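Biologist: I should be grateful for a close look at one part of this structure, followed by a connected account of the elements around it.

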Amino acid sequence: MASGDAEMAVFGEAAPYLRKSEKERIAAQNKPFDAKTSVFVAHPKESFVKGTITSRESGKVTVKTEGGETLTVKEDQIFPMNPPKYDKIEDMAMMTHLHEPAVLYNLKERYAAWMIYTYSGLFCVTVNPYKWLPVYNPEVVLAYRGKKRQEAPPHIFSISDDQIISANPLLEAFGNAKTVRNDNSSRFGKFIRIHFGATGKLASADIETYLLEKSRVTFQLKAERSYHIFYQIMSNKKPELIEMLLITTNPFDFPFVSQGEITVPSIDDKEELMATDSAIDILGFTADEKTAIYKLTGAVMHYGNLKFKQKPREEQAEPEGTEVADKAAYLMGLNSADLLKALCYPRVKVGNEYVTKGQTAQQVHNAVGALAKALYERMFLWMVVRINEQLDTKQPRQYFIGVLDIAGFEIFDFNSFEQLCINFTNEKLQQFFNHHMFVLEQEEYKKEGIEWTFIDFGMDLAACIELIEKPMGIFSILEEECMFPKATDTSFKNKLYDQHLGKSSNFQKPKPTKGKAEAHFSLVHYAGTVDFNITGWLEKNKDPLNETVIGLYQKSSVKTLALLFAN
C-alpha cells in the first residue's frame, strides 16, 4: 500500500525520488482511459509506442499513435494497456497485463521521474541514473532499517548492511573507470549475495567478481580514463601518499594512466580517495595490507615509465637508466638490479635445464605491460577474497538476496579483443541470472498453484555463448592460431570465416559504413550486434608473464606481493 506524504517525510530530500506525492499520484490515476482501445503497438524505430485502435478488419488492426502516426499491424503486434491506477507501479508483478511493452514503459516512466528502483516479483530492477541522487543519504538508511519490503518504496537498501556498502567504494576505486558513455562504468561483473538466517536476520554476504578489464591498466581510449584509484591518489588529498609512492600529482608524468582523460567533471577524486581509504579500514585490512595496496598501485604507475633501448647491432635490450626501476623495485620490496636483469635476460626452461634468453626492447616493453596488468588484476581479486572473509559471519544461512551488476555493455565504433571478453562475460552472467532467478520465480508460481508451462530463460543466450567458447569457437580458434609461429591476423580471420560464416546465424560479415572503423566480423549478442576488429588479437591473447620476474615477486619483502604470486 502506498504511504501518504506524511509517512514519506522520514526519507528527507530523497522522498520524491522514491515515490511521487499523493497529488501527482491521484492526478495520474484519474486520467481518461478506454480499456477496449488503449494499446501499445510494435514500432519499427521505438520498439513500442502508445496508441488508440481506430479500426479492426481481417486480422489487421489500425492504430493511431500518440505521435500522430497511423500504423496497420497484425493482431499479435498490439498489447493491451493497463488502467491508469497502475501508473508507475512499484511492483510490476501486480499489473493486470504483464508483457514487454508494459514493463518497458513502466520502467521508462518511473525513470523519467527519477525513480530508479522498481520491483518485479522477486526482483529489484535498477536503471542507472548516470548521476548522483540523494537516495543513499544517512536518513534514507535509517528509514529502511527494520522495515519489511512492502512497507517502503522499492530500494536496494531493503537488503543491505554497512560492511557490504563499504565494499562498494573500494571495488569501484579499483574496478570502475570513465568510458565514452559512462563516467563510472564497472569494468568487471559482480554478483553480490546477501544471506539471511531462518528468522530473516542478516547472516553474511559474499561477492563474486567476473573478468576485470585489465587491458585498461596500460591503455585507454582518448575519451576514457584508467581506474579511478590512480587519479584519487594523485588528487593530493593525502599528500603522504605522494611521498610514500615516490610519484607526482600530475597524471601526465605516468604514461600508463594518461592516454585519455585525466579528470571527470562528475567525480571529485579528492572526496572519493577519502571514501576508498576509509573503506579499506572498515573492511578490516591490516595496516601492512593497506600500505601494500597503495605501494603496489604506485609500482604499476612507475612500470609505465620503464624505458629500454636496443644495444647497437644486437637483438638485445638494455635499460635506459635505473632511476624508475629503483622506485618500482623499492615499492615492491625487490632489488632493482635483479628486476632489470630479470626483464632483459629472463631464464627459461629448456628440457630439464634453465637457459638465459635475450630480449629485444619490444619484448621487454610487452613483458612490463603484462606484469603490470597481472599485478593489478591479482591485487583486485585478492581484495575481493579479503572482503568476503570479512563479510562471512559463520552464521547459518537459509535464504539469500542476489544483486547482479554486470560490466557496462557498450558498443563502440572500434571494438577489439577486450570488448569481446567483456561482452562474453555479460552473456554468461545474463544466462546464469536468467536461468537461476527465473527458475526460482517459476517455482513460486508452482507453490501458489498457478498453471504454468516451465520456460528456460537461459536458452536465449546459448547460441552466442557457444559460438565464442565451444570447441572450434572463436576463443578456441584464437588459441590454436597462437600455437603457430607463422599465424597472422589474416590467417585467424580466414579460419573464423571458414568455420562460422553461413553456419552460425550469430556470426556475420560486417556491413562497411563510411567513416566507421574497419571491422572484420560481427557478432549478434543478447544486447545487440557488435562489429569487431581483430588486429593484434594473437599478441593480446599470448600476454606471457616473465617467470623470472614472478620468481622475484614470490620472494618479495612486501608480504602481500609474495602472496599474490604464491601459486
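Biologist: In which hand, left-handed or right-handed, does α6 pass α9 in their crossing?

Modeller: The model is a predicted one, and what follows describes that prediction. The crossing in which α6 passes α9 is left-handed. Helix α6 covers residues 162-175 and helix α9 covers residues 269-282; their axes come within 8 Å and cross at roughly 130°. Oblique is the term for angles that are neither roughly parallel, roughly antiparallel nor roughly perpendicular, with the roughly antiparallel class beginning over 145 degrees. The angle given above therefore makes α6 oblique to α9.

The residues that meet at this crossing can be named. From α6 come Q163, S166, P169, L170 and A173, and from α9 come A275, T276, A279, I280 and I282. Sorted by character, the residues of this contact comprise seven nonpolar and three polar, with no charged residue.

A second helix pair offers a useful counterpart. Helix α16 (residues 474-483) and helix α17 (residues 489-500) have axes that come within 10 Å and cross at roughly 140°. The two helices, α16 and α17, are therefore also oblique to each other. The crossing of α16 and α17 is right-handed. On the α16 side, the contact is made by I474, I477, L478, E480 and E481, while α17 supplies S491, F492, K495, L496, Q499 and H500. Here the residues of the contact divide into five nonpolar, three polar and three charged. Charged residues are thus present in the contact of α16 with α17, whereas the contact of α6 with α9 has none.

The sheets may be taken next. Strands of a sheet pair through backbone hydrogen bonds, in either the parallel or the antiparallel sense. One open sheet has five strands in the order β4-β3-β2-β1-β5, and its pairing is antiparallel. Strands β4 (70-74) and β5 (78-80) stand at the edges with a single partner strand each, so one side of each has no neighbour in the sheet. From one strand to the next, the twist averages 45°. Within this sheet, strand β3 (residues 60-65) runs antiparallel to β4 and is joined to β4 by five bridges. Residue T62 stands opposite T72 of β4. A helix also belongs to this picture: α4 (residues 100-112) lies across β1 (38-43), β2 (47-57) and β5, and runs at about 135° to β2.

Another open sheet is formed by three strands in the order β17-β18-β19, again with antiparallel pairing. Its edge strands are β17 (507-508) and β19 (528-532), each of which pairs on one side only. Strand β18 (residues 521-525) and β19 run antiparallel and are joined by five bridges. The bridge partner of S522 is D531 in β19.

A further strand pair leads into a loop that deserves attention. Strand β10 (residues 189-196) pairs with β11 in the antiparallel sense over eight bridges. For G189, the bridge partner in β11 is Y210. Together β10 and β11 form a hairpin with five residues between them, and G200 in the turn has a positive phi of about 90°.

Beyond the hairpin, the loop between β11 (202-210) and α7 (228-234) holds S215. With a relative accessibility of 13%, S215 counts as buried, because the limit for that class is under 20%. Leaving aside residues up to four places away in sequence, S215 touches K373 and E418. The loop between β11 and α7 also contains L211. Its relative accessible area is 40%, so L211 is partly exposed.

The backbone of L211 calls for a remark as well. Most residues other than glycine have a negative phi. In L211, however, phi is near 50°, a positive value in a residue other than glycine. Residue R313 is a further case, having a positive phi of about 55° although it is not a glycine. This arginine, R313, is found in the loop between β12 (308-310) and β13 (317-319). The relative accessible area of R313 is 84%, and R313 is therefore exposed.

Conventions: Residues are numbered from 1 along each chain as its sequence is written. This is a predicted model: local features need pLDDT of at least 70, side-chain atom pairs count only at pLDDT 80 or more; totals for chains, interfaces and linings use all residues. Side-chain values use heavy atoms; hydrogens and water are left out. Axes are lines fitted to C-alpha atoms, for helices over the stretch in contact, and angles run from 0 to 180 degrees between N-to-C directions. Helices (H or I, at least four residues) and strands (E, at least two) are DSSP runs, numbered from the N terminus. Angles under 35 degrees count as roughly parallel, over 145 as roughly antiparallel, 65 to 115 as roughly perpendicular and the rest as oblique. A crossing is left-handed if the near helix is turned anticlockwise from the far one by less than a right angle, and right-handed if clockwise. Contact means heavy atoms within 4.5 Å. Ala, Val, Leu, Ile, Met, Phe, Trp, Tyr, Cys and Pro count as nonpolar, Asp, Glu, Lys and Arg as charged, and the others, Gly among them, as polar. Two strands pair if DSSP finds at least two bridges between them. Buried means under 20% relative accessible area, exposed over 50%, partly exposed in between (1.4 Å probe, protein chains only).
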